[in-house]
Amino acid sequence: MIRTFDFQKVPIVDILNDILVDSAKRGASDIHFDPQANRLLIRIRVDGLLYDYAEVPNDVKNYLITRIKTVARLNITESRLPQDGAIKATLQGVDLDLRVSSLPISNGEKVVIRILDYTMSMAGLNELGFSEENYKKILEMISVPNGIILVTGATGSGKSTTVYSILQHLNTSTTNIITVEDPIEMDIAGINQVQTNSKIGLTFATALRSILRQDPNIIMIGEIRDTETARIAVRASITGHLVLSTLHTNTSLNTIERLIDMDVQKYLLSSALEGVVSQKLARKLCDHCKTKRQTSNYEREIFKTVLGYDVLEIYDAEGCQYCNDGYRGRVPIHEVLRINQKIRDALSDDVPKDKLRGLVYGESDVITMLQDGLQKVVKGLTSFEEILKIIELEDDDQLSDKSALKEAISETKAVMAAHNGNKDGLNNQL
């Protein structure tokens with residue numbers, strides 16, 4: 001445990017304020033209040049991992065949950081249904097913007113507080129960790145007058161940060177930008193932001209229909225969740241608007257396949273889609289304690305196969321007073337695909353998925369997520385082990401033909417062969 005509190009002498013109000021401020025200062029993204037049979041366990045998520053933070057005795061845990069629900073403007077008398085709320089406050093000189101979610105479980109109500117941090121969004125697009133090649137492609141994509149650009153990744157992978165950074169880059173006095181969000185995560189001056197409300201019928205789809213009559217230049221849709229929203233977004237991009245949105249997919253190819261599965265007509269998709277930014281987050285090595293070591297034979301083989309050159313030394317996690325087990329903060333790993341004419345033609349001609357994969361990874365200038373990740377390992381930003389977790393690799397002796405490593409390396413080899421003009425370089429080295 002990290003903290004202990006005197007629940008008998010210190011008021012619950014002060015204890016909750018202390019938990020919120022301390023968690024924010026530690027760089028936590030979420031605070032979990034987990035009811036158990038004999039206690040309430042508080043955990044905080046730092047750099048993607050959950051750590052035990054404190055314990056709350058049974059006799060006061062309900063008071064703490066009630067206090068959270070009160071400041072989040074939730075119904076304190078309702079404990080049988082999930083609820084969502086928000087907290088905006090300045091405590092001990094720290095500005096907090098929090099999202100609160102309650103969920104009834106067998107031992108009581110589980111509450112999760114998400115701490116929203118807009119530091120990276122405000123820093124600018126060039127501060128998001130894009131490689132030079134990927135940053136150039138991003139600028140090319142967002143400079144087009146119309147089309148759809150998708151930012152994809154799992155929950156908590158930084159999609160909103162990237163989208164908001166792009167919006168701020170495009171936010172000028174000569175453009176009319178309208179967003180549809182659920183919820184609005186960041187208020188941006190000069191941008192018209194719409195909060196959806198399904199209870200009164202204001203969904204993404206209904207809001208989009210009205211937005212198209214508001215003379216927009218740029219439309220941002222918080223998330224493409226269903227077929228209707230996907231179709232309207234694609235049609236909006238074709239009729240002269242630049243559309244930004246997010247999707248829960250892992251790679252560029254998965255994104256195209258998901259839109260096709262959503263029954264978006266391929267001929268429309270081929271005209272509308274401008275690019276896909278796929279991303280994941282890896283824990284960043286602590287600058288105070290990271291240590292350099294020699295690469296193993298296995299690691300050298302991976303680097304040679306994926307990057308095309310020998311890597312003899314890399315940095316590894318050590319651990320010190322400034323970090324958590326050798327890591328502090330996170331670094332994004334990207335795959336940026338700019339749709340070219342060959343991919344557009346393939347979508348129009350309804351080519352099979354295996355041929356589409358060859359075009360995405362063999363006929364474009366995409367840098368795969370595996371390549372981008374290992375390049376950041378070479379730079380000392382993250383560790384080899386973190387990239388293994390992101391690509392979901394298994395032990396070498398357990399690799400199968402359908403493993404994530406085989407697939408990622410196969411895609412990367414296709415990219416390297418295309419870049420080198422050597423289509424015979426797709427031999428399997430692992």
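The following exchange explains how a few descriptions of this predicted model are reached.

User: What makes the radius of gyration of the protein chain agree with that of a compact globule?
Analyst: A compact globule with 430 residues would have a radius of gyration near 22 Å, and the protein chain has 24 Å, which agrees. The C-alpha atoms fill a box of roughly 75 × 60 × 40 Å along the principal axes.

User: Why is aspartate 97 called buried or exposed?
Analyst: Buried means under 20% relative accessible area, and aspartate 97 has 10% relative accessibility, so aspartate 97 counts as buried.

User: How do you know that aspartate 97 forms a salt bridge with lysine 88?
Analyst: A salt bridge needs a side-chain nitrogen of Lys or Arg within 4 Å of a carboxyl oxygen of Asp or Glu, and the closest N and O atoms of aspartate 97 and lysine 88 are 3.9 Å apart, so the pair meets that cut-off. Aspartate 97 also forms a salt bridge with arginine 99, where the closest N and O atoms are 3.0 Å apart.

User: Which word, buried or exposed, fits each of these two partners, lysine 88 and arginine 99?
Analyst: Exposed means over 50% relative accessible area, and lysine 88 has 57%, so lysine 88 counts as exposed. Arginine 99, at 18% relative accessibility, falls under the 20% limit and therefore counts as buried.

User: Why is lysine 342 called partly exposed?
Analyst: Partly exposed is what lies between the 20% and 50% limits, and lysine 342 has a relative accessible area of 48%, so lysine 342 is partly exposed.

Technical notes: Residues numbered from 1 in each chain as written. Predicted model: local features only at pLDDT ≥ 70, side-chain atom pairs only at ≥ 80, totals over all residues. Heavy atoms only, no water. Rg over C-alpha atoms; globule rule 2.2 N^0.38 Å. Buried < 20%, exposed > 50% of the residue type's maximum accessible area, 1.4 Å probe, protein only.
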